[in-house]
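Biologist: I should like a close look at a single part of this protein, a helix and what stands around it. Please begin at the start of that helix and then proceed outward to the neighbouring elements.

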Amino acid sequence: MCFTSTVRDPESSSPPVLAASGAGELLQLLRDETPRTRAELAKLTGLARSTVGARVDALLATGLLAPSGEAASTGGRPPVRFAFNPEARVVIGADIGATHGRVALTDLSGRPIHEVGEELDITDGPEAVLDWLVATTQRLLDDTGRDASDLVGIGIGLPGPVEHSTGRPMRPPIMPGWDGYDVPSRVRRSFDVPVLVDNDVNIMALGEHATAHPDVEHLLFVKVATGIGAGIISGGRLHRGAVGAAGDLGHVAAPHAPEVLCSCGNVGCLEAVASGPAISKSLKQIDIVAENNADIVALVRGGNVPAAHAVRQAGRTIGEVLATCVSLLNPEVIVIGGSLVQAGESLIAGVREVVYGRSLPLATGGLQIVVASTGVQAAVIGAATMVIQHVLTADRVDLAIARRSAAAAASAS
């Protein structure tokens, strides 16, 4: 990550300070985008004003901080306020699904600036799909007039298990040719920036948390669509588990479920009895045709009673598994997302019915079970958020400033 633009402090006639250890910590305070003066920052941090001034100057030099109006004068020239500048750089968030791709260019707060969504087929393999992603990234940069040097990272969500530390898919059941493929290296051939990869439900959890529930410390995001999965926010952070397998809700055995064979090879998995394809199968048995999730949604919205009943029963079955999750994880909020929530209240009503009925009052007294509010943008916002959390840590900001200062010193000598 390289920050190269320079913004001069209007209060100072000297060149910006190019190195100030601790500037990254100051940036964390300012990322709420609230404008503050040097004096206010000194009071908040307990640091000497000279120390705060050096750190402010270092952040101004990167463009991450910018002047933002003036405070009321107490005599003399009014002091300048400074605020985090999310437009200083841009991020790419990509949501790659089984049959779709959506890519968004966002600012450093995760707000989408421009996005593109198209149909694609994950079974075309990693080279074809990632070629599309690279071309779409360049298109978004061109359309918004941003240079590739403004890009600080790319986040990608994939519809299968991912080893997050390496960005490699791990035996994904619906992604032939992707197992073990080095996704970050392929993308970095075109853009030399950090490339982070995770499964789609984890990034949807990040997106929903960042956008709709930023103050919630414990959240469970459940995607109900062709598959079923969960993203776990614990202590305000995404919980991936030891090898990135946390949240694999779809392959938990559903209580009282028939022994239906699942794609994983086991029987009675939640996904095998309560996902979109499972609902379609149950409807077919009573001569109602629903080829895909969109057909199920259309039937329910059109007033088809058996379809609404099937979706609500799926919600009850999901609720039986979630009741165990509530006892184990004690979330404040459960967010239900995925294409089947578009069927209206049927699904979530079934979930609420069982979770509130089976879990202990202590765990459910303040528990909210709500529909996802970010819709199709949840994944791209979450993918961008994953990158932002990675590149804007205090240590990485300090390192970028130090490298910038060293480069400036070397060019001057």
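Modeller: The start of helix H6 is capped by Asn 199, whose side-chain oxygen lies 3.0 Å from the backbone nitrogen of Val 201. The model is a predicted one, and the values that follow are computed from it. Helix H6 comprises residues 200–212. Its 13 residues should span 18 Å at 1.5 Å a residue, and the end C-alpha atoms are indeed 18 Å apart, so the expected and the actual span agree.

How many of the 13 residues of H6 are buried? The number is 10, and the helix is therefore described as mostly covered, given that a residue counts as buried when its relative accessible area is under 20%. The buried residues of H6 include Asp 200, Asn 202, Glu 208 and His 209. Val 201, Ile 203, Met 204 and Leu 206 are also among them.

The capping residue leads to a sheet. Strand E9 covers residues 195–199, and Asn 199 is the residue that caps H6. Five strands make up this open sheet, in the order E5-E4-E3-E6-E9, with mixed pairing. E5 and E9 stand at its edges with a single partner strand each, so one side of each has no neighbour in the sheet. On average, neighbouring strands here are turned by 15° against each other, direction ignored.

The partner of E9 is strand E6, residues 151–158, and the two pair in the parallel sense over five bridges. Within this pairing, Gly 155 has Leu 196 of E9 as its bridge partner.

Elsewhere in the sheet, strand E3 (residues 90–96) pairs with E4 in the antiparallel sense over six bridges. One of the bridge partners is Gly 101 in E4, which is matched with Ile 96. Three residues form the hairpin connection from E3 to E4. E4 itself, residues 100–106, has five of its seven residues buried, so this strand is largely enclosed by the rest of the structure.

On to the other edge: E4 and strand E5 (residues 112–119) run antiparallel and are joined by seven bridges. Arg 102 has Gly 117 of E5 as its bridge partner. These two strands also form a hairpin, here with five residues between them, and Gly 110 in the turn has a positive phi of about 85°.

A second open sheet may be set beside this one. It has five strands in the order E12-E11-E10-E13-E14, and its pairing is mixed. Its edge strands are E12 (237–239) and E14 (368–371), each of which pairs on one side only. The average turn between neighbouring strands of this sheet is 25°, direction ignored. Strand E11, residues 228–234, runs antiparallel to E12, and three bridges join them. Ser 234 has Arg 237 in E12 as its bridge partner.

Another helix can be read in the manner of H6. Helix H10 (residues 305–329) has 25 residues and reaches 35 Å from its first C-alpha to its last, close to the expected 36 Å. At its start, a side-chain oxygen of Asn 304 comes to within 2.9 Å of the backbone nitrogen of Ala 307. Further along, H10 has a kink of about 30°, centred on Glu 320.

What backbone angle follows H10? Just after this helix, Asn 330 takes a positive phi of about 50°. Most residues other than glycine have a negative phi. Asn 330 lies in the loop between H10 and strand E13 (333–337), and it is partly exposed, with a relative accessible area of 45%. Asp 287 also has a positive phi, of about 65°, although it is not a glycine. This residue belongs to the loop between helix H8 (276–284) and H9, and Asp 287 is exposed, with a relative accessible area of 73%.

Helix H9 (residues 293–301) contains Asn 293. Is Asn 293 buried or exposed? Asn 293 is buried, with a relative accessible area of 10%, and its side chain makes a polar contact of 3.1 Å with that of Ser 339.

Finally, the nonpolar interior. The largest nonpolar core has 45 residues, and those with the most contacts inside it are Val 56, Leu 59, Leu 64 and Leu 392. Helix H13 (residues 378–391) gives the most to this core, namely eight residues. Another core, of 41 residues, lies apart from it and includes Val 311, Ile 334, Ile 336 and Ile 348.

Technical notes. Residues are numbered from 1 along each chain as its sequence is written. This is a predicted model: local features need pLDDT of at least 70, side-chain atom pairs count only at pLDDT 80 or more; totals for chains, interfaces and linings use all residues. Side-chain values use heavy atoms; hydrogens and water are left out. Helices (H or I, at least four residues) and strands (E, at least two) are DSSP runs, numbered from the N terminus. The expected span of a helix is 1.5 Å times one less than its number of residues. The bend at a residue is the angle between axes fitted to the seven residues ending there and the seven starting there. A polar contact is a pair of N or O atoms within 3.5 Å; within protein, one must be able to donate a hydrogen and the other to accept it, and residues adjacent in sequence count only if both atoms are side-chain atoms. A nonpolar core is a set of buried Ala, Val, Leu, Ile, Met, Phe, Trp, Tyr and Cys residues joined through side-chain atoms within 4.5 Å. Buried means under 20% relative accessible area, exposed over 50%, partly exposed in between (1.4 Å probe, protein chains only). Two strands pair if DSSP finds at least two bridges between them. Axes are lines fitted to C-alpha atoms, for helices over the stretch in contact, and angles run from 0 to 180 degrees between N-to-C directions.
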